[in-house]
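Visitor: Please show me the model, and let us then discuss its side-chain contacts.

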Amino acid sequence: MPRDIRIFDTTLRDGEQSPGASLSAEQKMTIAHQLAALNVDVIEAGFPHSSPEDLESVSRIAREVRGPIVAGLARTMEPDIESCWKAVQYAEKPRIHTFIGTSNIHIEKKLRKTKPEVLAMAVHAVQFARARCEDVEFSAEDALRTDRDFLTEIVAATIEAGATTINIPDTVGYTIPWEMADTIEYLIENAPGFKEVWISVHCHNDLGLAVANSLAAVQAGATQVECTINGLGERAGNAALEEVVMSIRTRPDLFDCRTGIKTQEIIKTSRMVSSMTGFVVQPNKAVVGANAFAHEAGIHQHGMIMDRQTYEIMRPEDVGLSESQLTLGPRSGRHGLASRLRDLGYDVPDDKMPEIYERFLAVADCKKQVYDEDLAIIMKEASAQIVETWHLVSMTVVAGVSTSPAAIVCLEKEGEKITDSAIGNGPVDAVFAAIREMTGVELVLDDYSVRSVSIGADALGEATVRGHRNGEEAIGRAASTDVVEASAKAYLNAINRLQIKERRNGGAVGM
Ligand code: KIV
Ligand code: ZN
C-alpha cells in the first residue's frame, strides 16, 4: 500500500512573503478556493499576528474554504498563538503552526537566548496551542544548520508537549539531498515519538535544490511536504508544489507513495497565482512553463509522432494543459463568459457581470481570441479597482528612428481635465515624465516590466510598475493590447495607490 504524503501549501504565507508578491484579501480568497480544488491537504493561509489584515484574511479563508486543513503561522509567543487561534478556529480543520529558530546562529544572534530558554519556549508554545487546537505543528526553524543533539532534543520535547506534526525546515536552502535524507533517518532513529507524528519538510531553493531535498526527505520517511505554487517564496523561493507532486506521480517505481493532488488543476492554479502576484513563470520552468510540453526540434517532433513517450514523460492533459486552451471571442455571449469564469473558479455576483462583460468585450474586440490568462487579468483589474484620483483620458505618443520620443497625455482628476507633454528616452519614459509633471508625484521607479499575458502578437500586455516615495512602496498594474497604454495606466495605478497610503498615514500627497 503506497504511503500517503500530505501536501502543505504555503503560497499564501511564505509565497506571499516574496518582495512585491502582495495579494489583496479578495485574491487570497480566490487562490484559497483554487487550492481546495487542487485538493491540497493543508493551506497555510497567513501569519495572523503580523497585521490585522492578515488576521482577517486567514479568518475568512478558515470560515469559507472547505476541504483542506487551514493553518496559521505563529511565533512561540502567547499573543501570536492567540491571534492565530482567533483566525483559524472556525475552520473545518484548524491548525496552529508555531516555530522558533533552533540553530546556534538563530539562538545567539537573532533571539539572544540560550538553548534551554528556546526549548522551554517551544514546549510552552506547543502546550498553549494544544490547549486550544487539536492539530499543532512545530517547526524548528533553520533545522538543517541546527546541531543534531539539540534538534533531536527539541523535536522529542515538542512531541511530548503535544505537537502532531514536526517540521524540519531548510530555512536558508543550505542542505543537499543526501544530508536531508540522513537528517530525517537520524531523527526517526533517535527522537522518541518522531515516527508517530506527521514528519514534515520545508525546503528553500537558494541552491536550486528545494525539490530534490524534499524528495530525498520523502524517500527517507517524511510524510508531509511544504511547498508553494510555481516555487514562489522568500529569496529564491520554496519547493515548487507542481514539481514535487509530478515527480512522485511520474516515478511510482522509485516512490512507494502518493499524494491526493488533482493534477489536472495544476496549470489553472499556476496561472492564477502568476497573474495575481505578477510573478511571471519562466518559459522553461518544469511542469508549468510555456515550453514544458513544447517540442521544437525536428528529431523530437518525429519521435513524438511515432510515440509520445519517446520524449514525453508526463502527458500535458495530466496537468490540465489542454483544458486551458479553450478560447472565447468577440461573439461569445454573457453566458459563455460566465460559465468559463465559473470553471476557472471565479464567483462573480450577478450585479458585477455587466461590468466584467464590458471589460471582456473591450479586450475581445481587439483580439480574435481571449484566453484564460486574459480572463485572469480582466478579473484582477475588476476586483482590484481602487478609488482612482488620477484617471487616463487620452494620450498621443510619437516615437521612431531619428526622432525624440514625445508624449501628450490628458489626465482627469475630480472631473477636471489637464493636458501636458514631455519628451523622454523612449515612448514610455516620455509618458511617465508627462504624468509625473501633472500629478506632482515623484515616484522613484524600482522596477518596471511588461509581459505578454497570452498567445499572439495581439495578446494583452500586462505592465507592472513598482516604486517608492518617502519610504512608502506602491505597486501598480494594468493591462491593454497596447503596451504603452498599459504602462501609463500601471504608472497611474501606482501613483493612486501611493496617494491613498500617504493620505491614510497623513503624509505628503503631491498635487
Ligand atoms: O523557512 C522557514 O523556516 C519557515 C518556517 C516558518 C517554517 O518558513
Ligand atoms: Zn520558509
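**Aromatic pairs and the zinc site**

Guide: Phe99 counts as buried at 17% relative accessibility, where buried means under 20% relative accessible area, exposed over 50% and partly exposed in between (1.4 Å probe, protein chains only). This is a predicted model, in which local features need pLDDT of at least 70, side-chain atom pairs count only at pLDDT 80 or more, and totals for chains, interfaces and linings use all residues. Residues are numbered from 1 along each chain as its sequence is written, chains are lettered from A and ligands numbered from 1 in the order in which they are written, and side-chain values use heavy atoms, with hydrogens and water left out.

Visitor: How many residues apart in sequence are the parts that Phe47 and Phe99 tie together?

Guide: Phe47 lies in the loop between β3 (42-46) and α2 (52-64), and Phe99 in strand β5 (residues 94-101). Helices (H or I, at least four residues) and strands (E, at least two) are DSSP runs, numbered from the N terminus. The pair therefore ties together parts whose separation in sequence is 52 residues.

Visitor: Which protein residues are the donors of the zinc ion (ligand 2)?

Guide: Donors are N, O and S atoms within 2.8 Å of the metal (3.2 Å for Na, K and Ca); water is not among the atoms, so sites may look incomplete. Asp14 is buried, with a relative accessible area of 2%, and His202 is buried at 5%. Lying 2.0 to 2.2 Å from the zinc ion (ligand 2), the protein donors are Asp14 (OD), His202 (NE2) and His204 (NE2).
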